[in-house]
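Colleague: Hi! Could you walk me through this model in plain words?
Modeller: Happy to, let's have a look together.

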Amino acid sequence: SFSGVSERSSLIELAPTELLTRRLRLRPPRRSDAAPLQEAIEETLDQLVPYLPWARPGHSRAETRRYLRASRIAWARRTSFEFVLETPASGAILGIASLHRIDWLRRCAGMGYWVRRSRFGQGLATEAGEALLGHAFDALVLHRIEALVAPSNKPSQRVVEKLGFTCEGLARDAELIGNVFVDHLQYSMLSSDRLDGARAEA
C-alpha cells in the first residue's frame, strides 16, 4: 500500500549511514577513496577476477573512480548501498560490503562482500556481513536477503553459512564473468530466520 511505502521511506531516511562493529567501520564511499581503494583492488585482483563481473585484469584507477561515482548515485537513489570497510582507528580500507539489487516492494536485496588479500582469514567478511544483516532487517525493514556464491568459492560459502543463510540450490547461468555465464549457489536469509536464531540462542 501507499502508506506502507511511505512508512518505509521514513524509516530509510532515519537509517544510519555508518555502521560500527568491533573491528570495522562500514561507511558510504567518498571521492577521496579512489587511490586507497585501487590499492586494495590491485592487491586482491587475482582472487576477485574469477568471481566478480567488474574485476577484470588490468582494472584501472579510472574504473575505480567510475565505481565510486556510480555507488554514490545508487546511495542517493536507494537502489544499492555499497559500504567501504575501514579500520576505525586508521581509516585504512579493507574491502567493500554491499546491499544491492534492492527491491523495496518485495523487501528483498542481494548481499555481497570482498576483503583485501592481506586481511584474508581474519573473519572480517563475516563481521561485515553480520552488520549488513542487522542494518537490512532492523533499519531498512527488509524481509529477504540473497547471496549468490560460486560453487568453487569455498571461503565465501563458509561466510554465508556462518551467518546462518540457507542454501536454496543451484542458480544456473546466474552471473556473467568475463563473457562466460557461470552457475552460482543461491543462499537466502529471511527476517524470520534471524528472529528464530535469536530465540534459539536466548
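Modeller: Let's begin with two helices: α4 and α5 pack with their axes 10 Å apart, at an angle of about 45°. Keep in mind that this is a predicted model.

Colleague: What does that angle make α4 relative to α5?
Modeller: It makes α4 oblique to α5, because an angle of about 45° falls outside the ranges for roughly parallel, roughly perpendicular and roughly antiparallel.

Colleague: And is the crossing of α4 and α5 left-handed or right-handed?
Modeller: The crossing of these two helices is right-handed.

Colleague: Which residues meet there?
Modeller: On the α4 side they are Ala125, Thr126, Gly129, Glu130 and Leu133. Their counterparts in α5 are Val159, Lys162 and Leu163.

Colleague: Let's zoom out. How many helices and strands are in the chain?
Modeller: The chain has six helices and eight strands. Along the sequence they follow the pattern α-β-β-α-α-β-β-β-α-β-α-β-β-α.

Colleague: In what order do the strands sit in the sheet?
Modeller: The order is β1-β2-β3-β4-β5-β6-β8-β7, in an open sheet of eight strands with mixed pairing. The edges are β1 (19-20) and β7 (166-177), and each has a single partner strand, so one side of each is left without a neighbour in the sheet.

Colleague: Mixed pairing, okay. What is the sense of pairing between β4 and β5?
Modeller: Strand β4 (residues 93-103) pairs with strand β5 (residues 108-115) in the antiparallel sense, over seven bridges. As a landmark, look for Ser98, which stands opposite Gly112 in β5.

Colleague: And how do β5 and β6 pair?
Modeller: Those two pair in the parallel sense, over three bridges. Here Ala109 stands opposite Ile145 in β6. Helix α4 (residues 124-139) belongs to this part too: β5, α4 and β6 make a right-handed β-α-β unit.

Colleague: What about the partnership of β6 and β8?
Modeller: β6 and β8 run antiparallel and are joined by six bridges. You can find Arg144 opposite Leu190 in β8.

Colleague: Why is β6 largely enclosed?
Modeller: Five of its six residues are buried, so β6 is largely enclosed by the rest of the structure. For the chain, buried residues make up 45% of the 202 residues.

Colleague: Back to helices. Which strands does α5 lie across?
Modeller: Helix α5 (residues 154-163) lies across β5, β6 (144-149) and β8 (180-190), and runs at about 15° to β8. Helix α3 (residues 61-77), in turn, lies across β3 (81-86) and β4, running at about 125° to β3.

Colleague: New topic: what is the phi of Arg101?
Modeller: Arg101 has a positive phi of about 45°, although it is not a glycine. You'll find Arg101 in strand β4. Its relative accessibility is 47%, so Arg101 counts as partly exposed.

Colleague: And Asn179, where is that?
Modeller: Asn179 is in the loop between β7 and β8. Its phi is a positive value near 70°, again in a residue other than glycine.

Colleague: Is Asn179 buried or exposed?
Modeller: Asn179 is exposed, with a relative accessible area of 74%.

Colleague: One last thing: what share of the contacts join residues at least 24 apart?
Modeller: Among contacts in the chain between residues at least 6 apart in sequence, the share is 60%.

Conventions:
Residues numbered from 1 in each chain as written. Predicted model: local features only at pLDDT ≥ 70, side-chain atom pairs only at ≥ 80, totals over all residues. Heavy atoms only, no water. Pairing = 2+ DSSP bridges. Helix = DSSP H or I, 4+ residues; strand = E, 2+ residues; numbered from the N terminus. Contact = heavy atoms within 4.5 Å. Axes fitted to C-alpha atoms, helices over the stretch in contact; angles between N-to-C directions. Buried < 20%, exposed > 50% of the residue type's maximum accessible area, 1.4 Å probe, protein only. Right-handed = clockwise from strand over helix to strand, strands pointing away. Parallel < 35°, antiparallel > 145°, perpendicular 65-115°, else oblique. Left-handed = near helix turned anticlockwise from the far one by under 90°.
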